Each structure stands twice: as structure tokens, then as C-alpha cells.
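Q: I'd like a close look at one part of this model, the side of one domain that touches another. Please start there and then take me through the surroundings at a bench biochemist's pace.

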Amino acid sequence: MADSAGIASFLEGLGCVQVESESQADLIIINTCAIREKAEQKLYSYLGELVDFKKNLPYLKIGIIGCVASYRKQEMLKRFEYISFVSGARDERTTFLTYLADVIVQLQTEKQFFSATALVDDVATVVPLERDVKAAMSERNAIIPARLIKEGSQAAMGGTLAPVGEVKRSFINITTGCNNYCTFCIVPFTRGKETSYPLEDIVLRVTHEVAAGAKEITLIGQNVNSYTCPETGARFAALLEAVAQIPGEFWVRYVSPHPKDMTRDVLEAMARYPEKLCAWCHFPLQSGSSRILELMNRTYTKEEYLAQVALIRALVPGVSLSTDIIVGFPGETHEEYLETREVSAQVGFDMAYSFVYSRRKYTKAYSMGDTCSAEEKAGRLADLQEVLRAGSLVAAQRYVGKNLRVLVEKRGANGKLLARSSGNHRVVFDGDALLIGTFVEVHVVEAGQSELRGELISSPLMIFSEHGLAA
Ligand code: SAH
Ligand code: SF4
């Protein structure tokens, strides 16, 4: 999301506008995820759907970026002839954005040709850009204009997403890449080594986003709590404090911390700035079996994970917890799965993402022997999801009868306002669309599995009306 938001704001700076659907687009950039095979398959079927658009509009440019583009670049260039460019997640972002600026120029030329003559052949007279972005830029030995370097490095850090009628939310990369090499995970291979952005740049970026109206800032990295400022050596807790001290009314979240790197100072910073730093921690468990955790190279045990959870709950008042869990890692026995089930029930996560293990190329687990059948794995996932759902419901019930400060995000399809609490719970209630993008207080009357239902008790509109400023 941070990468897409950054590219979108860079393109807007070049005069582009976002459109509602593919049929209205001159340029389509597909940002890809390689984390599980399913995500990759979705990409291929989507690419198939786009062929017709390209046939109808010869100047349409379709580009592929992100993690699949990192490790399947040559294959994609060969297999999908109608793809205009491919740039991997490891390729230098400023270089890509400079290339993108060229794409826009070429697109304008081709579009003019096309609308002037309506002859497809004329379009073919424009020499197309080399499709492998990295090769194109090193071949050209291009000198990147200073303005583009500045804008490109800003855009590499992320940007704001604000679909029409919704709150503005910013996603800011604080690190890129990962050095952890969890044995199931492809990320270190697609995104490269971990590097942190300078603290000063992040603070400037957040300040800018808040000034531009962002109400929620999500700091993003594969392992945010291993953050180390390359200029000062400042760690993640110091970054959180610095961001929390930026003036303005906004919330800060972060994903994902690694349990092995969760330190007391991070939790103390969260407790010190509850107005800004959300009382929510996404804390990926992956497995409840210490043997599987070791095979996964997660470098913590079940007991250490549980001790970290106890510390988070002790230090951050009212904190809510979410997690990621994988079932069916190679060699996971039924007993080991049951440990995951037990830890999940014991913690009682507010929310959880759970997956069946997906075998990924290049990873260490790729060649680990696996005896468990697909049916058995699906059974474990279904069983676990039931436990997780029951846990979420119990966790949600602790809010019933309480007042919660929420950020109003948008109007839902059923006409209700959709908001989110500091603990990242979805809250629905009746209210005016003018409240979108504001912080209001809601009285929670009911807790469902996926959302809390509430009643509005105070909002900026009410304050205005009390003073006779608005009806
Ligand atoms: N950096 C984060 C994870 C990012 S990937 C962390 O360390 O927690 C998001 C989630 O996808 C992971 O937490 C994991 O649960 C899941 N995942 C990653 N690789 C997977 C694989 N090969 N099969 C199934 N799920 C996977
Ligand atoms: Fe993948 Fe592990 Fe890095 Fe997360 S910490 S991105 S799971 S290698």
C-alpha cells in the first residue's frame, strides 16, 4: 500500500489523475505480491483480463512492479508481450520513477498520434521504451534531474490513499527489505536487504502528510522494530516518540513488529503517547509450537512469545492484539498444530490472519519434506479459524457499554458510517457523512465477530451546534 500510494502521488505530481476503472485508464500499474502462490495466480488471471483493454486502446501502457516482478521479470517480459514495462521491488525506486516520467511523455505522444489519425500503424512508428526498467536505465546511463531525484526519493517512502469520500490515510515505509530469512518467506529474496530511512526524513514526511490532511499514519516495514536510523543510530522507540510529538490530530500505527525484537522502550513510548500512538499491536505468532518456530527460523519459542504478549498487555493499557498464523508448515504434526490452536485460544487475539503454508521458490522450507495432505491442512485452517473467531468475539465484548474514540473512515454500503478504534476494531454507527475524516466518540452497544456497533455520543459537529455555529 505504501509503494502504491507513493507512486500514485508521484504520478499526480506529473499531472496524472486516478480513474475509477481500467476502461478509463491510459496507464495501469500492477503492484504485485509474491508472499503466497495464490496472490501470484491472481496476477496472472488479472493480466489475462487486461488483454482486451490493450487491444481496444493501443497506446494503453500496462506495467508490473513489486515482488513478483522481482523474481519473474524475464519470464513476464517473454510471456506477456503486451506488457509495457516490468520493474522489481529490489530495483532502485528513483530510477523507476524517472523511467515512469518518460513513460508519461511517450504516452502523451502516442495518444496524440492516435486521436489525430486514429491509425494504429502510426502509433507503431514511436520507438517503444525498453521494457525491462533496470536494463533501460543502465543502458541509457540517464542523468536524473535533481527535481525527480527529490520527488522520487520522497515517493519511495510512501504516500496517502484517499479514495473519494474517504478519510486520508498515509502509509510510510520506514524500512525496506528484510534480513530475517524466516524459512517459509520469499520477502528477503524479492525485496533485498533491510535498510532504514533516516529518522529526520520520516518525521518530515509524516509532518507533510498530516499538513495535507492525513488522519492516520501507518509506519511500514517487514520488521519495524529492528529500525535503526542510518544517520544517528536511533532505534524504533525513538522514532515512535519523534512521530508522536508532531503537532496535529492524527493516529499512528505500525506493521509489522517481530516478536524477537519487541523491547520495553517501544511499549513504554506507546503508553506515553496514547493520543497519537494507537493501542494496537500486530504481533505475528506464525506457530504455537517451539519446534516449528525453530524450523521456521523465527528465533523465539512459544514461551517467549507468550511472555512478550504479557509484557505488551502489562505496559500498554487497553491494548488490542492481532496476529498472523501459518498452518501446515512442512513436517507440522497434528499435536504441533494443536499447540498453535491452544496458544491462539490462550492469547485471545482481537483479530488474526491465518494461512495454509504456501511453498515458495528460493526459500529454505521449499526443500523440506512434507507429509501432511492438503485436506488435512485445510482442516487445520478451518478449525483454527473457528477458535480465532470465538476469541475475537470474546475480546470484542469487553468494549460493550464503553465509550470509544474512533476515526470515521467512510460510509458503508448499508448507509452506516464505518469507523475504526485505536485498537483497530471496525465500529459502525448512524451519522452524518460530514463526520468522515474526524475523530468522534461512540458508545458501544453490541459486539459482533467482525465489528462493534455503536451510537454517536460526541462529535465536532455537536460542538459547533452547541455554540450555535452550525445546525
Ligand atoms: N514481516 C512480517 C510478515 C510479512 S508477510 C512478519 O515477520 O511477521 C505476512 C504474512 O504472510 C506472514 O506473517 C506469514 O504469516 C504469511 N506468510 C509468509 N510467507 C508465507 C508462506 N510461504 N505461506 C503462507 N503464509 C505465508
Ligand atoms: Fe518474511 Fe520473516 Fe522477514 Fe517477515 S521477518 S518478511 S516473515 S523473512
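A: Happy to. In this predicted model, the C-alpha centres of domain 1 and domain 2 lie 28 Å apart. Twelve residues of domain 1 and 14 residues of domain 2 take part in the contact between them. On the domain 1 side, two elements give two or more residues each, namely α1 (2–13) and α3 (67–71). Helix α1 supplies the largest share of that side, with five residues. If you sort the domain 1 side by class, you find eight nonpolar residues, three polar ones and one charged residue.

To place this contact in the chain, it helps to have the domain bounds at hand. The assignment puts domain 1 at 2–150 and domain 2 at 157–278, followed by domain 3 at 306–398 and domain 4 at 403–466.

Let's stay with domain 1 for a moment and look at one of its sheets. Strands β1, β2 and β3 make an open sheet in that order, with parallel pairing. Its edges are β1 (27–32) and β3 (85–88), each of which pairs on one side only. On average, and ignoring direction, neighbouring strands here are turned by 15° against each other. Six bridges link β1 to β2 (residues 61–66), again in the parallel sense. If you want a point of reference on screen, find Ile29, which stands opposite Gly63 in β2. Helix α2 (residues 37–56) lies across β1 and β2, and its direction is at about 175° to that of β1.

Next come the two ligands, and domain 2 leads us to the first of them. Both domain 2 (157–278) and domain 3 (306–398) contribute residues to the shell around ligand 1, so this ligand lies between the two domains. The shell holds 16 residues, and the closest are Gln222, Pro284, Asp324, Phe355 and Ser358. Its make-up by class is seven nonpolar, six polar and three charged residues.

Gln222 turns up again around ligand 2, where its companions are Cys178, Asn180, Tyr181, Cys182, Cys185, Val187, Pro188, Asn223 and His258. This second shell contains six nonpolar and four polar residues, and no charged ones.

Two of the residues closest to ligand 1, Asp324 and Phe355, give us a way into the next sheet. Here β10, β11 and β12 follow one another in an open, parallel arrangement. The edge positions belong to β10 (280–282) and β12 (351–356), each pairing on one side only. From one strand to the next, the twist averages 10°. Strand β10 is joined to β11 (residues 320–327) by three bridges, and the two run parallel. Within this pair, Cys281 stands opposite Leu321 in β11.

One helix then connects this sheet to a helix pair. Helix α16 lies across β11 and β12 and runs at about 180° to β12. The same helix α16 (residues 374–397) also packs against α15 (residues 334–347), with an angle of about 10° and the axes 9 Å apart. Angles under 35 degrees count as roughly parallel, and α15 and α16 are therefore roughly parallel to each other. From α15, the contact uses Tyr337, Thr340, Arg341, Ser344 and Ala345, while α16 brings Arg380, Asp383, Leu384, Val387, Leu388 and Gly391. By class, this helix contact comprises five nonpolar, three polar and three charged residues.

We can finish our walk with a set of strands further along the chain. Strand β13 (residues 403–411) is joined by five bridges to β16 (residues 439–447), and the two run antiparallel. Leu404 stands opposite Val442 in β16. Five bridges also join β13 to β14 (residues 417–421), once more in the antiparallel sense, and there Val406 has Ser421 as its bridge partner. Strands β13 and β14 form a hairpin with five residues between them, and Gly415 in the turn has a positive phi of about 90°.

Notes. Residues are numbered from 1 along each chain as its sequence is written. Chains are lettered from A and ligands numbered from 1 in the order in which they are written. This is a predicted model: local features need pLDDT of at least 70, side-chain atom pairs count only at pLDDT 80 or more; totals for chains, interfaces and linings use all residues. Domain bounds come from an automatic or database domain assignment. Two residues are in contact if their C-beta atoms, placed from the backbone, lie within 7 Å. Helices (H or I, at least four residues) and strands (E, at least two) are DSSP runs, numbered from the N terminus. Ala, Val, Leu, Ile, Met, Phe, Trp, Tyr, Cys and Pro count as nonpolar, Asp, Glu, Lys and Arg as charged, and the others, Gly among them, as polar. A residue is near a molecule or strand if its C-beta atom, placed from the backbone, lies within 6 Å of it. Axes are lines fitted to C-alpha atoms, for helices over the stretch in contact, and angles run from 0 to 180 degrees between N-to-C directions. Angles under 35 degrees count as roughly parallel, over 145 as roughly antiparallel, 65 to 115 as roughly perpendicular and the rest as oblique. Two strands pair if DSSP finds at least two bridges between them.
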